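Trainee: I would like to learn how to read a protein model, feature by feature. Could you take me through one slowly?

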Amino acid sequence: MGPSAGGAGLDRTHRVDFGRPTRVVRGLGGRASLRLDLRTLAVCGVLLLVALAVGVVALTTGDYPLTVPQVLQALVGAADGPVHMVVVEWRLPRALMALVLGAALGASGAIFQSLTRNPLGSPDVIGFNTGAYTGALVVIMLLGGGYVGVAAGALVGGIITAGVVYLLAYRRGVQGFRLIIVGIAVSAMLASVNQWLIIKADLETAMAAAVWGAGSLNGMTWAQAVPAAVLAALIALPLVWLAPRMGLLELGDDAAAALGLRSERVRLALVIVGVALTALVTAAAGPIAFVALAAPQLARRLTGAAGVRILPAAVMGAVLLAASDLVAQRAFAPTQLPVGVVTVSVGGAYLVWLLVREARK
């Protein structure tokens, strides 16, 4: 059926062409609906399988090599004692954290690139990684460290840095370019503070802080992995409500306001969630650079979407960090590199390409 006689509206059977293969899922008696982009779902599914495959490969490698069937048996509890110990107790926490923390970085990068409308709008470029590192260093230097204390210091440092950057960039609202410039300036200042703290510390503490500051998943245990995974899930939960509104913000504040969206409140909520995800990663493994920068843009190119989206960016982040950690483990075996060294090497090349591409535009 077509439009009603008075132009009052469209019939429920009217189909809207979004220009991409989509499906609309309705619930609550037709009062709620969800539009699913089939290409995005397919890309997320493939990336998830790739991430799981990389994780399984990581579980097979090491000083005690295993086969894929042995790993799968260990995961379902059917392996003998030594294999179960190697897979479940030693290797699985690290593989799981690579996936969880990579997803957190990807989601955080998508949030800030959407808010700034700039592919350089990443938490490691804006300086939130550096602020979290400063908070952790203060705890290590003054209070002697400890996993819980360092994690709390990183969270507090990241949140304080975000607050300072947000306030300095606020001029009747927050514009993306101003946020990036202010963030880069604050990051440079905090990097100097971090260097000063390490220089003033005793040799043993300085070396421990420097190793942790490279970003590493070495020695990850269940005692660290379980709290980090639970916190990541809790922090990401508000994104179920915020993600659709993030898309509305990309239309501009005037258009968002016309649709009934309180732009600054939603923007502030997104900043808090994005900073919390970044600080959680820094607290768990140290500052890991460039995953948050690259994952949203790579996912955007695979999905062909008009803007960055949180779910594809999160899955791509899991793939990137899991693959980088596998390289960190095996590139110079038996010596294991911090995963941050690998992400910086790969991400640096990506950043050069991105800058050249943006300059040509």
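Trainee: Is Asp-325 buried or exposed?

Mentor: A residue is called buried when its relative accessible area is under 20%. This is a predicted model, and in it Asp-325 counts as buried because its relative accessibility is 2%. Asp-325 has its place in helix α14, which runs over residues 310-330.

Trainee: Which side chain does Asp-325 join in a polar contact?

Mentor: The side chain of Asp-325 is joined to that of Arg-94 by a polar contact of 2.9 Å. If we leave aside the neighbours within four places in sequence, Asp-325 is in contact with Arg-94, Ala-98, Leu-217 and Val-339.

Trainee: What does Leu-217 touch in its turn, leaving aside its neighbours within four places in sequence?

Mentor: Leu-217 is in contact with Arg-94, Met-97, Ala-98, Leu-101, Ala-285, Asp-325 and Val-339.

Trainee: How should I think about the nonpolar residues in that list, and how many residues has the largest nonpolar core?

Mentor: The general idea is that, in soluble globular proteins, nonpolar side chains tend to be buried together. Here the largest nonpolar core has 64 residues, and Leu-217 is one of those with the most contacts inside it, a group that also includes Met-97, Leu-101 and Ile-288. A second core, separate from this one, has 17 residues, among them Val-139, Ile-198, Ala-201 and Trp-212.

Trainee: How many helices and strands are there in the chain, taken as a whole?

Mentor: The chain has 15 helices and 2 strands, and buried residues make up 46% of its 361 residues. Among the contacts with a separation of 6 or more, 69% are between residues 24 or more positions apart.

Trainee: Where does Ala-236 lie, and how far apart in space are Ala-236 and Gly-274?

Mentor: Ala-236 lies in helix α9, residues 222-236. Ala-236 and Gly-274 are 38 residues apart in sequence, while from C-alpha to C-alpha they are 8.7 Å apart in space. Ala-236 is called partly exposed because its relative accessible area is 28%, and that label covers values between the 20% and 50% cut-offs.

Trainee: How does one look for empty space, and what volume has the second largest pocket?

Mentor: Rolling a probe the size of a water molecule over the atoms shows where empty space is left. In this model the second largest pocket has a volume of about 410 Å³. Its lining is made of 19 residues, of which Asp-124, Asn-129, Thr-130, Pro-287 and Ala-289 lie nearest the centre.

Trainee: Which helix gives the most to the lining of the second largest pocket?

Mentor: Helix α7 gives the most, with 5 residues, and α4, α5, α7 and α15 each supply at least two residues of that lining. Sorted by character, the lining residues of the second largest pocket divide into 11 nonpolar, 7 polar and 1 charged.

Trainee: Which backbone angle sets Arg-117 apart for a residue that is not a glycine?

Mentor: Look at phi, since Arg-117 has a positive phi of about 55° although it is not a glycine. Arg-117 lies in the loop between α3 and α4, and it counts as exposed because its relative accessibility is 52%. Phe-290, which is not a glycine either, has a positive phi of about 75°.

Trainee: Where does Phe-290 lie, and is Phe-290 buried or exposed?

Mentor: Phe-290 lies in the loop between α12, residues 263-285, and α13, residues 291-303. With a relative accessibility of 17%, Phe-290 counts as buried, because the cut-off for that word is under 20%.

Methods
Residues numbered from 1 in each chain as written. Predicted model: local features only at pLDDT ≥ 70, side-chain atom pairs only at ≥ 80, totals over all residues. Heavy atoms only, no water. Core = buried A, V, L, I, M, F, W, Y, C linked by side-chain atoms within 4.5 Å. Buried < 20%, exposed > 50% of the residue type's maximum accessible area, 1.4 Å probe, protein only. Contact = heavy atoms within 4.5 Å. Helix = DSSP H or I, 4+ residues; strand = E, 2+ residues; numbered from the N terminus. Polar contact = N/O pair within 3.5 Å; in protein donor to acceptor, adjacent residues only side chain to side chain. 1 Å grid on protein atoms, 1.4 Å probe; cavity = no way out; pocket = protein on both sides within 12 Å on 5 of 7 lines; lining within 4 Å. Points joined across faces, edges and corners; volume = space filled by probe spheres on them. Nonpolar A, V, L, I, M, F, W, Y, C, P; charged D, E, K, R; others polar.
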